[in-house]
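Work through the exercises below with the sequence and the model open. Each task is followed by its solution in steps.

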2 protein chains.
Amino acid sequence: MSDPTAPGPLAATAALMADPARARMLAALMGGQALTAGELARIGGVTAATASGHLARLADGALLVVHAQGRHRYYRLASEEVAAAIEALGGLAARLAPPRPWKHGEAARGARLCWNHLAGRLGVTVHQRLTGQGWLTPAAGGWDASIEGRRRLAATGIDLDRAASARHFACDCMDWSERRPHLAGGLGREMASAWMTRGWLRRAAAEGDGDILARRRLSLTPEGARGLHESLGIDAA
Amino acid sequence: MSDPTAPGPLAATAALMADPARARMLAALMGGQALTAGELARIGGVTAATASGHLARLADGALLVVHAQGRHRYYRLASEEVAAAIEALGGLAARLAPPRPWKHGEAARGARLCWNHLAGRLGVTVHQRLTGQGWLTPAAGGWDASIEGRRRLAATGIDLDRAASARHFACDCMDWSERRPHLAGGLGREMASAWMTRGWLRRAAAEGDGDILARRRLSLTPEGARGLHESLGIDAA
DNA sequence: CCGCCATTTCGCTGCGGCCCGAAGCATCCG
DNA sequence: CGGATGCTTCGGGCCGCAGCGAAATGGCGG
């Protein structure tokens with residue numbers, strides 16, 4: 001007989017996100033970077049001892065994965081699904097408590113990272129442009145790229161082979177600030193990384209972690225704006 | 001100064017789902033029906049007094065909405081976003097603990113309700129057929145229907161005007177058992193309701209709530225299988 | 001108008017968890 | 001090899017909250 005009071009998988013997973021310190025850690029990790037236990041302790045606002053316990057629980061629950069390197073232990077989100085669930089929950093919360101609409105400023109709405117891919121208004125604009133022009137075509141479980149689409153994307157510096165080697169080449173991820181999908185999957189990841197190495201996007205510094213969203217914020221450089229206009233016909237603000 | 005230990009919106013929302021009794025109630029409400037406080041108390045495995053407190057918190061957190069009718073109070077999920085978040089979280093949990101793969105039997109994988117629209121293998125098949133044939137075309141924030149698509153869908157008894165009056169005509173919702181999207185939005189809702197009134201789909205009874213998923217399970221009738229074959233060219237198992 | 005029923009409010013008890021300080025390992029550096 | 005740093009484990013204190021029974025509220029039927 002299974003205990004009828006046993007916490008189902010849903011409750012167990014939700015409980016992992018239900019603690020303020022853990023939630024802050026997860027939010028910080030939505031920036032896509034791997035962070036050390038110490039950094040996460042500071043972000044969570046707890047001592048190293050407490051943070052260690054939290055991180056162990058999150059890793060045990062398969063929300064995080066650890067990578068030991070020397071005397072540091074780097075934690076990062078375990079998968080795209082985890083990021084999507086956090087994004088979905090965060091979006092829920094945002095919609096019901098908009099008393100201070102965007103205290104983070106409009107900056108975070110413009111462009112930011114969602115786990116490892118591009119989100120925010122720019123991410124949504126790219127999604128609409130690519131699908132609207134037929135450069136991405138519906139495929140099982142997501143999108144595929146047309147011939148012309150591959151040409152255009154390659155012109156922005158994206159390695160399409162690497163994008164195709166991901167579990168999904170391209171699929172939708174709901175953007176919680178724009179309420180429209182942006183691109184996740186291998187293509188989403190490559191867009192973010194290629195455009196950052198090319199200098200089209202820059203992390204909006206802000207090492208002082210006064211704000212959790214700060215780590216996710218991106219800014220489009222002038223070269224990026226020009227590049228996106230020329231190769232994809234996108235005119236970003 | 002805002003309290004740095006204040007539970008952010010993410011943690012607050014997650015906490016609402018983190019209690020076993022509340023999670024069971026939410027899971028039951030994923031069937032799309034509105035249930036009374038008493039029924040939810042039984043499903044949650046707690047007394048009416050305890051359940052009342054839980055339901056008040058869920059409603060206060062905007063996860064549920066109440067509808068008072070006589071001396072009964074009917075609770076249902078507040079929105080599509082809430083259902084999507086629960087589905088995302090549930091999917092996370094399912095992937096990391098598949099020791100007993102599908103104790104609910106394969107039945108629930110075949111066809112079930114997700115909030116108010118069709119999910120499961122059938123839902124995914126319909127999604128693939130409609131998009132693969134070009135009967136649904138990518139549009140801002142989801143899908144639009146082509147001329148031929150409208151003709152085919154209308155032939156199955158769907159009221160397209162009512163579907164179009166929803167916030168989204170059609171958009172993707174990730175299916176946690178199939179790992180592929182099925183159709184949500186107005187069209188998803190109309191598909192489920194039209195096909196059920198037409199007798200193509202039937203709720204798989206099971207009033208004895210021994211199983212939470214039971215309330216969501218659907219079965220495709222012989223007429224339904226024939227109808228889907230003739231109008232959409234779908235051959236469901 | 002009175003009693004029944006579904007639901008909520010109140011007061012209380014008990015468990016689970018979050019948190020920290022101190023101690024124990026592991027790793028890097030001089 | 002010894003000290004410093006990063007992280008984890010251990011032990012104990014404390015608060016929050018889920019749980020119940022009992023009593024109050026509000027609708028319904030005779």
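**Exercise 1.** Find the residue just after α4(B) that takes a positive phi, and state the angle.

Solution. The residue is A62(B), with a phi of about 65°. Helices here are DSSP runs of H or I with at least four residues, and strands are runs of E with at least two, numbered from the N terminus. The model is predicted: local features need pLDDT of at least 70, side-chain atom pairs count only at pLDDT 80 or more, and totals for chains, interfaces and linings use all residues. Residues are numbered from 1 along each chain as its sequence is written, chains are lettered from A and ligands numbered from 1 in the order in which they are written, and side-chain values use heavy atoms, with hydrogens and water left out.

**Exercise 2.** Compare the span of α4(B) with the expected span, then locate its buried residues.

Solution.
1. The expected span is 1.5 Å times one less than the number of residues. For the 13 residues of α4(B) this gives 18 Å, and the end C-alpha atoms are 18 Å apart, so the two agree.
2. A51(B), H54(B), L55(B) and L58(B) are the buried residues of α4(B); buried means under 20% relative accessible area, exposed over 50% and partly exposed in between, with a 1.4 Å probe and protein chains only.
3. Seen down the axis of α4(B), the buried residues fall within an arc of 100°, so they line one face of the helix. The arc is taken over the directions from the helix axis to the C-beta atoms.
4. An α-helix has 3.6 residues a turn, so residues three or four places apart point the same way.
5. Exposed residues A49(B) and D60(B) sit on the face of α4(B) turned away from the buried side.
6. The buried residues of α4(B) pack against α1, α2 (20-29), α3, β2 (64-69) and β3 of chain B.

**Exercise 3.** Is T13(B) buried or exposed, and which residues does T13(B) touch?

Solution.
1. T13(B) lies in helix α1 (residues 9-17) of chain B.
2. Its relative accessibility is 5%, so T13(B) counts as buried.
3. Not counting residues up to four places away in sequence, T13(B) touches L89(A), L92(A), A93(A) and L63(B); contact means heavy atoms within 4.5 Å.
4. T13(B) and L58(B) are 45 residues apart in sequence, and their C-alpha atoms are 9.2 Å apart in space.
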